[in-house]
Amino acid sequence: MAEQKEKPRKVAAMGMVPYEMALGPTWTRFFEGFKEKKILGTKCNKCGRVLVPARPFCSRCFEPMEEWVEVAQEGTIVTWSYVNYTYFGVTPDMIPLIGATIKLDGVDCGTGMWTQIGGFDIKDFELVTKKVKVGARVRAVWRRKRQGNFRDIDYWKIIE
Amino acid sequence: MGRAVAVIGTGQTKHGRRDDLSYPDLVREAVKKVFEDAGITPRDVDGVVYGSMPSMMEGVAYNHFYFADALRVVGKPLLRTETCGSTGQSVAHTAIHWVASGMADVILAIASEKENEGDAQATMMTILEPFLQVVIGGAPIAFSLQSREWMGYYHIDDAKAREAASIVSVDSHDGGLANPLAHIRVKLSKEDITNAPIITYPVRFYDVCPISDGACAVIFASEEKAKKICKKPAWVKGIGFRGEEYFIGDSSKAVWQSTIEASKEAYKEAGITNPLKELDVAEVYNPFSYQELMFLECLGLCPPGEAPDYVIKGTFSPGGELPCDPSGGVLCTNPIGAAGLIRVAEAALQVTGKAGEHQVEGAKLALSHAMGGAMQFNGVTILGSEL
Amino acid sequence: MAEKYKVDKDLVRMEIVDFTFPEKEYRTSRHDTVLPYNWALGPTWTRFFDGLKEGKILGTRCKKCNKVLVPARTFCPICYEDMQEWIELPQEGSIETWCLVNYKYYGQVKEPPYIIAQIHLDKADCSLTHFIGGFNLSDPDKVRGKMKTVSRVKAVWSKEKHGDIYDIAHFKPV
């Protein structure tokens, strides 16, 4: 009979599952807007809030949000963070980056996590702490070639 | 809240890197201990509640099936609940609701994580839909963003927040040293923390929880059963749980309503009007030291925007007015799914005087807490030594 | 594994290269999940797989209820006792149930058609999940006819063994 010969082993494996998610009418239109350099939100006819990204329904009133609004491409930093570490799927050439939540003018929520600050040497951390502040003003900088996804806005530039 | 409910036993594994055991064996380690502690057999249990992070974390979809044997659930009803970081609180609340409703008398609650079997941050990225809330960084960036938002909202000076976060980290690591089951057991100085590399600014290496393997089991019982079975039960005095919108930018994370409302509900149920004064110990969920500062405020333990002052003057340190995380907290032990239930178990140990070297002398009323989701959920459970 | 998926660094996205979805008329976002795992086998399953590598099927016996379970277990699922007595099982047994798999999906462990079955090894107190093979499976009607006559099966070992469950290639009719 096989005796226990070695320390308990580990087995390496890779979990791979393909997904294809429907964007639905609201988010399809939102990203179509990106192609035309427009940031689109929707307005709730009950509470009056304008939300970006556009929503099919109001998260608080549960009302459909059918009124489309093109919003400002400038706003204020609500919070930011500097990411400088890797994990599976993130290689050293993908960092550092500055993730930020931005409150766009006339919008009633923050952008969440898809917005990044850039436009200067962000590898220089001293410079980052000098330029990037809660409350600083920023403006969207679009890519020349846009494909209708969140990377169409290349980065948000600090307005000095 | 229905019938009275008590904790009649707890069991935790040795937390850490547990390559020595398969995942079901690890779960069993906690389950064996909880039955020994409670002095009952699975025959006495009416049902089982289990939770972990998304099972994708360890690569087995629906790991509660995989653990059926280890959970001793064969021939019994099983419920699963998962709310990310707050899973452990959700598991406890599910068990408490089950007993309080009168539908069961004794419920076994178990939560676990074996984080070293997968890549925690890569899995964390699968929690969000991939086209609207995308950013590199996993959990550290989400909670760094939250900390920075809190600092910005109250105009808290970077240096002061840094000082307070370092104290939180030093205190937690001292707790870890006193807790034989804790994963990280090192003595740290404030300098060790401020000189550590940046992970996601302002968060540095020792401001971040480890990647842990571990499991926790707690048995909840009705008043009648608890009095019959257990010499010194820990009574559930109050619970609260709140959720928020999916989109992270939709609500303030500096003044975190779900923490505020969840704790208010728990205090109301427990008849607590001045939590700082009335509580003897708090097991606050602190995967990031900066985040604990914000929690201290949102849990109503100090005025908004003043957590750094209170921390710096020692209010939440060992020997202070309300010692926080004497077990070492999540900063020293973070098997994510289990972390919220470990808070409940630690609160139970404290109010029953069974916490050993990290016992807070004479603790009678303890708060336990966890947060989860994509910065969406908060759960609070308050335990006391008296019914 | 590296060739089976690619990373879109710009969109922070993985794509499995050997899989395509059918065309859709509405807008979608492809986002595959690729995650690495490193499962701890623990002492019991490490020894079980070591046994397979040596061409042995090992089970463990519960000292309380006396049941022999295969694959070997750390503990008895009913008695919860440690199962420390190791038993080498006969490599023959009977079929409890079987199913012919005759369709393809992504990530399938074996090229169809194949038969998956519950096999009750002699002297074991439970059945083991594995393949039935060693004869032509291409015609489902013929397979049904053949399987009506099969009751006993025997393990066929893979030429190359890696210390995993596929060290047994399949079970063939005796």
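Me: How many residues do chain A and chain C each bring to their contact?
Reply: Happy to start there, and please keep in mind that this is a predicted model. Chain A and chain C bury about 3800 Å² between them, with 58% of it on carbon and sulfur atoms. The contact takes 38 residues from chain A and 45 residues from chain C.

Me: How many salt bridges does the rule find across the interface of chain A and chain C?
Reply: One pair to look at is A:Glu32 with C:Arg27, whose closest N and O atoms are 3.8 Å apart. That pair counts because a salt bridge needs the nitrogen within 4 Å of the carboxyl oxygen. Across the whole interface of chain A and chain C, the rule finds six salt bridges.

Me: Which element gives the most to the side of chain A that touches chain C?
Reply: Three elements of chain A give two or more residues to this side: β1 (10–17), β2 (20–22) and α1 (24–35). By class, the side holds 18 nonpolar, nine polar and eleven charged residues. The element that gives the most, with eight residues, is β1(A).

Me: In β3(C), which residue is the bridge partner of A:Met21?
Reply: Here a strand of one chain pairs with a strand of another: β2(A) and β3 (residues 28–30) of chain C run antiparallel over three bridges. Within that pairing, the partner of A:Met21 is C:Ser29.

Me: What is the strand order in the open sheet of three strands in chain C?
Reply: Begin at the edges, where β6 (68–69) and β7 (85–88) of chain C each pair on one side only. Strand β5 (residues 58–61) of chain C pairs with β6(C) in the antiparallel sense over two bridges, and C:Arg61 stands opposite C:Val68 there. The sheet has antiparallel pairing, and its order is β6-β5-β7.

Me: How many salt bridges are counted between domain 1 and domain 2 of chain A?
Reply: Chain A is divided into domain 1 (23–71) and domain 2 (72–160), and their C-alpha centres lie 21 Å apart. In the contact, 16 residues of domain 1 meet 19 residues of domain 2. The area buried between these domains is about 1400 Å², with 67% from carbon and sulfur atoms. There are four residue pairs in polar contact, while the count of salt bridges is zero.

Me: Which element supplies the largest share of the side of domain 1 of chain A that touches domain 2 of chain A?
Reply: Both α1 and β4 (50–51) of chain A supply at least two residues of this side. The side divides into eight nonpolar, one polar and seven charged residues. The largest share, three residues, comes from α1(A).

Me: Which residues of chain C lose the most area to chain B?
Reply: In this contact, 25 residues of chain C meet 31 residues of chain B. About 2200 Å² is buried between the two chains, and carbon and sulfur atoms give 59% of that. Three residues, together 28% of what the chain C side buries, lose the most: C:Ala40, C:Phe75 and C:Tyr80.

Me: Which element gives the most to the side of chain C that touches chain B?
Reply: Across this interface there is one salt bridge, where the side chains of C:Asp82 and B:Arg28 meet at 2.9 Å, N to O. Both β4 (33–40) and α1 (42–53) of chain C supply at least two residues of the side that touches chain B. The most, seven residues, comes from β4(C).

Notes:
Residues numbered from 1 in each chain as written. Chains lettered and ligands numbered in written order. Predicted model: local features only at pLDDT ≥ 70, side-chain atom pairs only at ≥ 80, totals over all residues. Heavy atoms only, no water. Pairing = 2+ DSSP bridges. Helix = DSSP H or I, 4+ residues; strand = E, 2+ residues; numbered from the N terminus. Contact = heavy atoms within 4.5 Å. Buried area = accessible area lost by both parts, 1.4 Å probe. Nonpolar A, V, L, I, M, F, W, Y, C, P; charged D, E, K, R; others polar. Domains from an automatic or database assignment. Polar contact = N/O pair within 3.5 Å; in protein donor to acceptor, adjacent residues only side chain to side chain.
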